[in-house]
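Visitor: Could you take me slowly through one part of this structure, the place where the two chains meet, and then show me how that part sits within each chain? I am new to this, so please join the pieces together as you go.

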Amino acid sequence: MSTDPVQVDRISGQTTTGHEWDGIRELNTPLPRWWLWLFYLTIAFSFAYWIVYPAWPLASSYTAGLFGYTNRGRVAEELAAGQAARMQAAAGLETATLAQIAADPKLTEIALAEGKAAFGDNCTPCHGSGGQGQRGYPNLTAGRWLWGGTLDQIHGTITHGIRADDPDTRASAMPSFGKDGILKPEEVREVANYVRTLGGLEPEQGVDVAAGKKIFADNCSACHGEDGKGNIDMGAPNLTTKVWQYGSDISDLIYTITYARNSVMPAWGKRLDPVTIKSLAVYVHSLGGGT
Amino acid sequence: MTISAEEIYDGPLYEAAKKVYPQKVWGTYRRIKWIVLWIALGVYYILPFIRWNRGPNAPNQAVLVDIAHSRFYAFFIELWPQEVYYFTGLLILAALILFLSNALFGRVWCGYACPQTVWTDLFLWVERFIEGDRRDRIKLDAAPWTADKIVKRVAKHAAWLLIAMLTGGAAMLYFVDAPTLLKDMVTLKGPFIAYLWAGILTFTTYSLAGHMREQVCLYMCPWPRIQAALIDNDALNVTYRFDRGEPRMSVKDSIKAHAHGQAAGDCIDCLQCVAVCPTGVDIRKGAQMGCIQCGLCIDACDAVMTKVRRPTQLIAYDTDENRERRKRGEANVYHLIRPRTILYAAAIALTGAIMLYALLTRTNSHLSVLHVRAPLFTQTAQGGVRNGYTLRFSNKLSEPGDFTLEVSGVKGATMTSAMAKPLDAGQLTVRLDPDSTLEVPVYVTAPADAAPGKSTPLTFTATDAKTGERSVVVDNFFGP
């Protein structure tokens, strides 16, 4: 090994860096000076960045930068811009009636988009993400409507709620037939079995369904109708469908008749703006609304 | 083995770029370079102004990157964002063509067609026009700051900036309607973003073509490194035929050498090849990374050889293979057709054919179907089963499109949608704006007696009423 610090490579004529590993020396291939200047420029840039943008944490705050830029502020700006763009798109919904919206594909498209978002924010916890409902909360896709499935009826239900704190709310009360002693337990069982047959389900063995039919005619038909097809003016469910909001087991039906259910939906007119409610009505109607 | 402190070499780790003063040259390759330059610049400036009629609802600019509406237009081709994979094909094609050109003629791209070369040539021409040729420029650089020098410098940089501005500004014409933008920008009514990008490109053009020049090729561009790995013995490269040129000596010395019966090469060591080189390399050192193979040294050397009455082509497009053959006293051979070039050509033909096929079979309408996952299915009041689907129709024509949607695969299945009108035969009809997409939620209900299983294939067919084009998508219908 040579002790000469500056070594010149015989083949290339280049000097080495003086570093040596196992007899292998590295040729010194100098970088162009401008490359170094670019590096210094990036350092200068970082100083400029500190001055212009928020950078250094202080005891209880931070250096705010020249223009007071914040990421949160930027998000707020973008949200406001998005909101403004949405309002522009939804402007047509404000003046149009529900029927006009339904007749105009452009308005329907916007209403569906708005309604789907609002449904996800407000309705999904009870009615499910696709409006499929769950035990105790109506399935909005089945085509069976407690208070009517037209655009206007849906709009009214959303605005005023059901048994809600609203003067125009949808209100009705099914009596607690068993609890209040209107029907005896065996009568409740008989009518429950009859109601099962209305929906095409098998009654229990050894229960007098004919007696149940008579009890139904005397106690239930006023609201649910002679044929059990319900009455949307009172929110009395149609009992002849395949959809059972509180379950179709005999025990479920006995519980319903004994204690009554009388569930509640909030009046959204107090919480949401008219355009959102219109959009929700259009969206819910699109899920399985009728005429 | 340890390294003592004295052994650490304290040499320069950075060095100032050696300024290159390319000399004026005239000849075959210079002429080719001028022709390529004017074609390239001509295409660049004229292309945005070419019109192409696409009907009333689409822009009439032949080549347009319409970022605002996310469309790309190139003559008869219109691409949507989901079709950018065509660009993958273009990039593959470009790479393969570069490989093939490299296998045939070395770095012909670098020397003639690369924008860095084209604009550097243009800037050099301006520099030479204002400040004079190599010798004058070297002198001017060394001269004190006189009025003459200031005038020349200001004129040069002003001319460079003007070209750079025209370059950067022209790039903007590819993004919006060119005549409108040109008028707006000249009357200072253009959008800020256009000025910003024109400014950025002005700066890069001015610095890369005016100041950085060969430094771009030497330190920034990856291609010389890739090219070094692709080169083979049969590629035509700008080569100094040292078998003929060495030992180099002046004309006088060669006469003396011949008189003494000693060998003398044809190279008279006039350094003209170095003087004209735009990257400042000495081609006589052999193939090297700095050489962009523009052939200007061939022109320079040929001129000198003609003057001293020696055969030209001392520097020429030649192959490593021939250099070795001449050493052995064999004749030159050129293998333009060899496995490598055949392979590249075949790959180019294949890629081109696939792209052409994709373009020719591109449909003007499209349907995509997404099954609603939550819930997978619901039961209706009548006991039927209902599935939700989100359909997206695309109408790529520049006129409104009417689509008829049919569903099949599940017996008795019916469709409902708030976004579509029902037809008598159970189909739905959807109207789309020109050049647009539309999301249509569709519910498919199977009656209770059809009893579909857990999962049944379901086929959506959308027919474009005008063209009769059909898009068929198969999805599944789920049940309990």
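Guide: What follows starts at the contact between the chains and then moves outward into chain A and chain B. Please keep in mind throughout that this is a predicted model.

The contact between the two chains takes 34 residues from chain A and 30 residues from chain B. On the side of chain B that touches chain A, at least two residues each are supplied by β1 (14-15), α9 (214-220), β8 (378-379) and β9 (385-395) of chain B, and if you find these four on the sequence you will have a useful set of landmarks for that side. By kind, the residues on this side of chain B divide into 17 nonpolar, eight polar and five charged.

One of those landmarks, β1(B), is also paired with a strand of the other chain: strand β3 of chain A, residues 31-32, is joined to β1(B) by two bridges, and the two strands run parallel. To place this pairing on the model, look for L31(A), whose bridge partner in β1(B) is Y14(B).

Moving back along chain A from β3(A), you meet another pair of strands. Strand β1 of chain A (residues 16-21) and strand β2 of chain A (residues 24-27) pair in the antiparallel sense over three bridges, and W21(A) stands opposite I24(A) in β2(A). The hairpin that these strands make has two residues between them, and there D22(A) takes a positive phi near 50 degrees. As a general point for reading any such strand, the side chains in a regular strand alternate between the two faces of the sheet.

Chain A as a whole has three strands and eleven helices, and from the N terminus on, its elements run as three β followed by the α elements. Its domain assignment gives domain 1 (73-168 + 265-288) and domain 2 (185-259), and the C-alpha centres of these two domains of chain A lie 32 Å apart. The contact between them takes eleven residues from domain 1 of chain A and nine residues from domain 2 of chain A; on the domain 1 side, the residues divide into six nonpolar, three polar and two charged.

The overall dimensions of chain A help to set this in scale. Along its principal axes the C-alpha trace of chain A spans about 120 × 55 × 45 Å, and its radius of gyration is 36 Å, whereas a compact globule of 291 residues would have one near 19 Å. Buried residues make up 29% of the 291 residues in chain A. Among the contacts in chain A between residues at least 6 apart in sequence, 56% join residues at least 24 apart.

On the other side of the contact, chain B has 16 helices and 16 strands. The radius of gyration of chain B is 33 Å, well over the 23 Å that the globule rule gives for 480 residues, so chain B is more spread out than a compact globule. Its C-alpha trace spans about 115 × 60 × 60 Å along the principal axes, and 27% of the 480 residues of chain B count as buried.

Within chain B, the largest nonpolar core has 36 residues, and among those with the most contacts inside it are C273(B), V276(B), L296(B) and I315(B). Several elements of chain B each supply at least two residues of this core, including α3 (108-113), α8 (192-212) and α13 (272-276), but the largest share, six residues, comes from α14(B). This core draws at least three residues from each of domain 1 (28-229) and domain 2 (232-334) of chain B. If you follow L296(B) and leave aside its neighbours within four places in sequence, you find L296(B) in contact with V25(B), Y29(B), R30(B), V276(B), C277(B) and P278(B). A second, separate core of 24 residues includes F377(B), F393(B), V407(B) and V440(B).

Further along chain B, five strands form an open sheet in the order β12-β13-β10-β15-β16, with antiparallel pairing. The edge strands of this sheet are β12 (421-422) and β16 (470-478) of chain B, each of which pairs on one side only. At the β12(B) edge, β12(B) and strand β13 of chain B (residues 428-432) pair over two bridges, and P422(B) has L428(B) as its bridge partner in β13(B).

Definitions and conventions: Residues are numbered from 1 along each chain as its sequence is written. Chains are lettered from A and ligands numbered from 1 in the order in which they are written. This is a predicted model: local features need pLDDT of at least 70, side-chain atom pairs count only at pLDDT 80 or more; totals for chains, interfaces and linings use all residues. Two residues are in contact if their C-beta atoms, placed from the backbone, lie within 7 Å. Ala, Val, Leu, Ile, Met, Phe, Trp, Tyr, Cys and Pro count as nonpolar, Asp, Glu, Lys and Arg as charged, and the others, Gly among them, as polar. Two strands pair if DSSP finds at least two bridges between them. Domain bounds come from an automatic or database domain assignment. The radius of gyration is taken over C-alpha atoms; the globule rule is 2.2 Å times the number of residues to the power 0.38. A residue is buried if 20 or more other C-beta atoms lie within 10 Å of its own, exposed if 12 or fewer, and partly exposed in between; C-beta atoms are placed from the backbone. A nonpolar core is a set of buried Ala, Val, Leu, Ile, Met, Phe, Trp, Tyr and Cys residues joined through C-beta atoms within 7 Å.
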